[in-house]
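Take a look at the model below. We will walk through it one piece at a time.

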Amino acid sequence: MTDDLMFKDEIQHLVRAAYEIEASPDGPGARFYSEDQLSGVPPEARSWMLGVGNPLPYADLRPGETVVDLGCGAGVDAMLAARATGPEGRVVGVDFLGSMVDRAAALASEAKIDNVEFVQSEIEDLPLADGSVDVVVSNSSINLSARKSRVFAEAYRVLRPGGRLCVTDLTLDEDDLPPEILTHPSAWAG
């Protein structure tokens, strides 16, 4: 039995539908990044910036590290992490939407960033080996999961001893809102 208000498949359907949007010149999340950071990503990637912050300044990324970006979207944080970790580094962007994975891969190719790859998978079930990652970052994606504790368990599983987790996200005490709001599509995707 679960304490979730809705089932995982319903939530994923709602999130998928909410993210079928048209891009704008700069997405709302662009305001959290410096122009210097954004100069290294294609303009189309900027238009898909839907995050609620910028986890990278706090992630203390170092050359040669392996990073996973949970819910990578169009790949902005993954591309910036790839630049920070350098050619010896490796970045994996994970998103459950195939359209976003395809978009991120195309944009990284356009930006000529070779040390990043994008995979379609749920962030609750990462296709990575135990202890294979130095840093896990996420920007406004864990809140979209119906199984948040599972996301954190997976992050812990893939992190090496001494690894780091850096998340920008939204939190809410479910007692603060009535069920009709908590189960509304824009509440899950927004």
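Which exposed residues does the face of helix 7 turned away from its buried side carry? They are S149 and Y156. Keep in mind that this is a predicted model.

Now turn to the other side of the helix. Helix 7 runs over residues 148-158. Its buried residues are V151, E154, A155 and V158. Seen down the helix axis, these buried residues fall within an arc of 100°, so they line one face of helix 7. Several strands help to cover them. The cover includes strand 1 (66-70), strand 4 (133-139) and strand 5 (159-168).

One more residue of helix 7 deserves a stop. F152 lies in this helix. F152 is partly exposed, because its relative accessible area is 41%, and partly exposed means between the cut-offs of 20% and 50%. F152 also belongs to a nonpolar patch on the surface. Its partners in the patch are L165 and V167. Together the three have about 230 Å² of accessible area.

Next, move to another helix. R83 sits in helix 5, which spans residues 76-85. Is R83 buried, partly exposed or exposed? R83 has a relative accessible area of 45%, so R83 counts as partly exposed. What does R83 touch, leaving aside its neighbours within four places in sequence? R83 is in contact with G40, A111 and I113. Finally, compare positions along the chain and in space. R83 and L61 are 22 residues apart along the chain. Their C-alpha atoms are separated by 9.8 Å.

Conventions:
Residues numbered from 1 in each chain as written. Predicted model: local features only at pLDDT ≥ 70, side-chain atom pairs only at ≥ 80, totals over all residues. Heavy atoms only, no water. Helix = DSSP H or I, 4+ residues; strand = E, 2+ residues; numbered from the N terminus. Buried < 20%, exposed > 50% of the residue type's maximum accessible area, 1.4 Å probe, protein only. Contact = heavy atoms within 4.5 Å. Patch = residues over 30% accessible without salt bridge, like charges linked within 9 Å, V, L, I, M, F, W, Y side chains within 5 Å. Areas by Shrake-Rupley, 256 points an atom, 1.4 Å probe, with all protein chains shown as cover. Salt bridge = Lys/Arg side-chain N within 4 Å of Asp/Glu carboxyl O. Arc of directions from axis to C-beta.
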